[in-house]
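Visitor: I have a new structure to look through. Can you walk me round it?
Guide: Sure, let's open it up.

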Amino acid sequence: MNFKILFIVLLLHSLSAFSGTDDSWRMKFCVNTYDYNYFNKLVQRQESPAEDGCIIKTKSAEWKIKTTVNEHDEYKEVHAVFYLEKGNEPAANVSIQLIFDQWAKDNYVLMPAAAYNGNRFPWRRIAYSPKLLDPKDIGKDIGTIITDVPRLDVGNGFSRIQERSGSMAVPSIGFYSMKQSGIFFLLTEQANEWGDYGVNIEENRGRSQAVISLCSPLVREYYKYNIADNMDVTPDIPADFQEGDLVSFRFRLYRKEASCLQDLFDFYAQIRQDVVGKPSFVPRFPFSGCFSIQEKKFNTQNFVPEWGYYSVGMRNMFLQDWQIGWTGGMISTYPLLFAGGKETEENVKRNFDWLFPDGVAPSGFFWDSGEKGNKWYGGDIRKPHTQNWHLIRKSGDGLYYIIKQLMLMEQKGIEVKPSWKEGTKQVADAFVRLWKKERQFGQFVDNVTGEIMVGGSTSGAIVPAAMVLAAHYFGNKHYQEIAEISAKKMYDEYVSQGITSGGPGDALQNPDSESAYAMLESFALLHEVTRNPQWLNYAEDMAAQFSTWVMGYDYRFPETCLFGQLDMHTTGAVFANTQNKHGSPGICTYSGVALLRLYRITGNKRYLDWLKEIAFNLPQYMSHPDRSVGGMDHGWINERVSTTDWFEGIGEIFPGSTWAETALMLTYVEIPGIYVDLSRQTVYAFDHVHVTLETCEEKKAVIILENQTNYTADIRLFVDNKESLKHALRENYLFQERIIRLKPGEKRKVRIK
């Protein structure tokens, strides 16, 4: 619709005047002018109370604002249109301000995937890849320190966050006020006719007032964020408005009572797609076909035959040669062992022979990294003071996935060598020693001595899950005790405060999605093993927090960028952390199976929805023989889904093989292509096929499958019923489950017993 016609429609159909106030906030409309030559210095702001039909006069123009408001029990839906009725307005934008006069510094501000507690932590400006430098910052009890990212000030200094709408998992901002026992949320669209919105929050000197603003077009004053540097020069160009121009805003405002911080995350999980809408799922490549390409790629490009191991990348530097855990080391071998052929199986066994015993450091943890097959490193050799700093998460991942593989080997009838078992047990014992001594796992430990170098965080979030498996596999109840005690402490000290951090090794202790999901995996597994309702409560809390990292909509890429040309759908991309501000194909480096565990326990379909978002949209990012992604080799997946201008550019990537390939392989072996729950008459297709439930009874059903892709699909089917739901989802639960082969375009009726 022509925007001038839209404005006339609003004139005719507007509701009564909208004051935009309640007992906690008030609204203003603003016209802002800037000096571009002085890096978008704000020159003038003309404003008006938010009243329908109000007029704002500036030196050179007259604006009229029409406001349509739909009132609902929990929210107000607002459609505001700024219309330049007379004159012109150079170097300007318009904005809607929400002013909170009862503000408090302890309000927890959430900008999903961009700011947690307003990123109000001590910070350091350290170039990428940052490691703490000052000896005063290094120790086991220092507290959280983050990099130089958009943030509210932890002290009494200038306090403002300027973001663009695409930098959030869903364009939104909210906060929890303990003082007022309430939560507030603003949800908006990603863009209007002028592109992405600006979403800002600023506090006054006394922290008694805060202003949340929605701006269009996007104009950041003075600075924009570039990787680990919040003082890069702003590139934004204010608009030169002409008579007849329109600027439209559509958003929702929510106000709700709340008794605790977790209510903020729970409420967000309910409303995250209220404005952006439910996603569409476009079938492209079945999981099975992707795995075949990836298996070939790993055997030809990653496997190092002279030493017998799978590198994590293309071996162009030591971190692309070998790292345990995190980026794929001893994780990628799991799906390869699960679904690969005989050659792949032999390669995986050689990988185990190569790792044990040489891959275990004197501390008892795995060596952090290495290269050229026989060089083992304790940490980041590029920085001498951290050359033995081992990211504790890496040994947690290694322990977790290696035990899965030992269990799988026994299922497949493969001999598990004593050296493999002994080496794995050494790592479990190292975690016991560390916990007994420090009552924490820390973030970095010395790989020679085992001493904590940088403490705190939830870097060890996956360790409880690993210790649960170790307790079962080795028959050692003490491992289970450590799992429960450590998980409880991490919940009390971090999760209950709305913070998970320390998962990546390249982002100090910025809040991150990796430790958020790992924490969820630990809580879900603990509940399945113990059936203690406490762990279920913790898992559901953590799932809501994790949802803030998952993109809930399809970003509208410019047609000129790579992802715009490829018609990429961003729903389900998982943002990395508040420093590396990009979504990623999948979770680093997990399948998301904990969400299926939660559904089986609770029956809440929201968990299946989130899992489908993540799993279904993963294959599109793989460079395929019939659809190259950025000219990358077949099977490569780059980790970038950039919807903000933090580094390479919106919709652009660097050509590189990354851990995201492992995430897709994990999806194939840990997430069923089709899931059927007979007891709840529920059916979900996570793979690229369409499924409908024709009939469903307590012990049988008929489903209709349709392969809408151009490729043969081998679909893993998993069925639950009332009896099976009483039991835990065993490790390797999909191994030897039914596989249904569908030819391209084939539609078939399948009977399930």
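**Helices, cores and single residues**

Guide: Start with two helices, H8 and H9, whose crossing is left-handed. Keep in mind that this is a predicted model.

Visitor: What angle do H8 and H9 pack at, and how far apart are their axes?
Guide: The angle is about 130°, and the axes are 11 Å apart. H8 covers residues 418-438 and H9 covers residues 463-474.

Visitor: Are they parallel or oblique to each other?
Guide: Oblique. Angles over 145 degrees would count as roughly antiparallel, and 65 to 115 as roughly perpendicular. The angle here is about 130°, so H8 and H9 are oblique.

Visitor: Which residues make the contact?
Guide: From H8, Lys-421, Thr-424, Lys-425, Ala-428, Phe-431 and Val-432. From H9, Val-463, Met-467, Ala-470, Tyr-473 and Phe-474. The contact of H8 with H9 has 8 nonpolar, 1 polar and 2 charged residues.

Visitor: Staying in H8, what about Glu-438? Buried or exposed?
Guide: Buried, because its relative accessibility is 14% and the cut-off for buried is under 20%.

Visitor: What is Glu-438 in contact with?
Guide: Lys-140, Glu-451 and Ile-452, leaving aside neighbours within four places in sequence.

Visitor: New topic. How many residues are in the largest nonpolar core?
Guide: There are 182. Leu-355, Met-467, Leu-520 and Phe-523 touch the most other members. Helix H7, residues 392-412, gives the largest share, 10 residues.

Visitor: Which residues does Leu-355 touch?
Guide: Trp-322, Ile-324, Met-330, Val-360, Phe-366, Trp-376 and Ile-402. That leaves out residues up to four places away in sequence.

Visitor: What about a second core?
Guide: A separate one has 43 residues. Among them are Val-31, Ala-80, Ala-115 and Val-199.

Visitor: Why would nonpolar side chains be together like this?
Guide: In soluble globular proteins, nonpolar side chains tend to be buried together.

Visitor: Leu-520 is in that core list. Which helix is it in?
Guide: Leu-520 is in H11, and it belongs to the set of H11 residues that meet H14. The others from H11 are Tyr-517, Glu-521, Ala-524, Leu-525, His-527 and Glu-528. On the H14 side are Val-593, Ala-594, Leu-595, Arg-597, Leu-598, Arg-600 and Ile-601. The contact divides into 9 nonpolar, 1 polar and 4 charged residues.

Visitor: How do the axes of H11 and H14 sit?
Guide: They come within 9 Å and cross at roughly 40°. H11 and H14 are therefore oblique to each other. H11 passes H14 in a left-handed crossing.

Visitor: How many residues of helix H16 are buried?
Guide: 11 of the 11, so H16 is largely enclosed by the rest of the structure. H16 covers residues 660-670. Its buried residues include Glu-661, Thr-662 and Tyr-668.

Visitor: What do they pack against?
Guide: Helices H3, H5, H7, H14 and H15, plus strand E34.

Visitor: Last one. Where is Val-233?
Guide: In strand E19, residues 229-233. Val-233 is partly exposed, with a relative accessible area of 44%.

Visitor: What does Val-233 contact?
Guide: Phe-39, Tyr-222 and Lys-224, leaving aside neighbours within four places in sequence.

Visitor: And how far is Val-233 from Asp-148?
Guide: They are 85 residues apart in sequence. In space they are 14 Å apart, C-alpha to C-alpha.

Note on methods: Residues are numbered from 1 along each chain as its sequence is written. This is a predicted model: local features need pLDDT of at least 70, side-chain atom pairs count only at pLDDT 80 or more; totals for chains, interfaces and linings use all residues. Side-chain values use heavy atoms; hydrogens and water are left out. Axes are lines fitted to C-alpha atoms, for helices over the stretch in contact, and angles run from 0 to 180 degrees between N-to-C directions. Helices (H or I, at least four residues) and strands (E, at least two) are DSSP runs, numbered from the N terminus. Angles under 35 degrees count as roughly parallel, over 145 as roughly antiparallel, 65 to 115 as roughly perpendicular and the rest as oblique. A crossing is left-handed if the near helix is turned anticlockwise from the far one by less than a right angle, and right-handed if clockwise. Contact means heavy atoms within 4.5 Å. Ala, Val, Leu, Ile, Met, Phe, Trp, Tyr, Cys and Pro count as nonpolar, Asp, Glu, Lys and Arg as charged, and the others, Gly among them, as polar. A nonpolar core is a set of buried Ala, Val, Leu, Ile, Met, Phe, Trp, Tyr and Cys residues joined through side-chain atoms within 4.5 Å. Buried means under 20% relative accessible area, exposed over 50%, partly exposed in between (1.4 Å probe, protein chains only).
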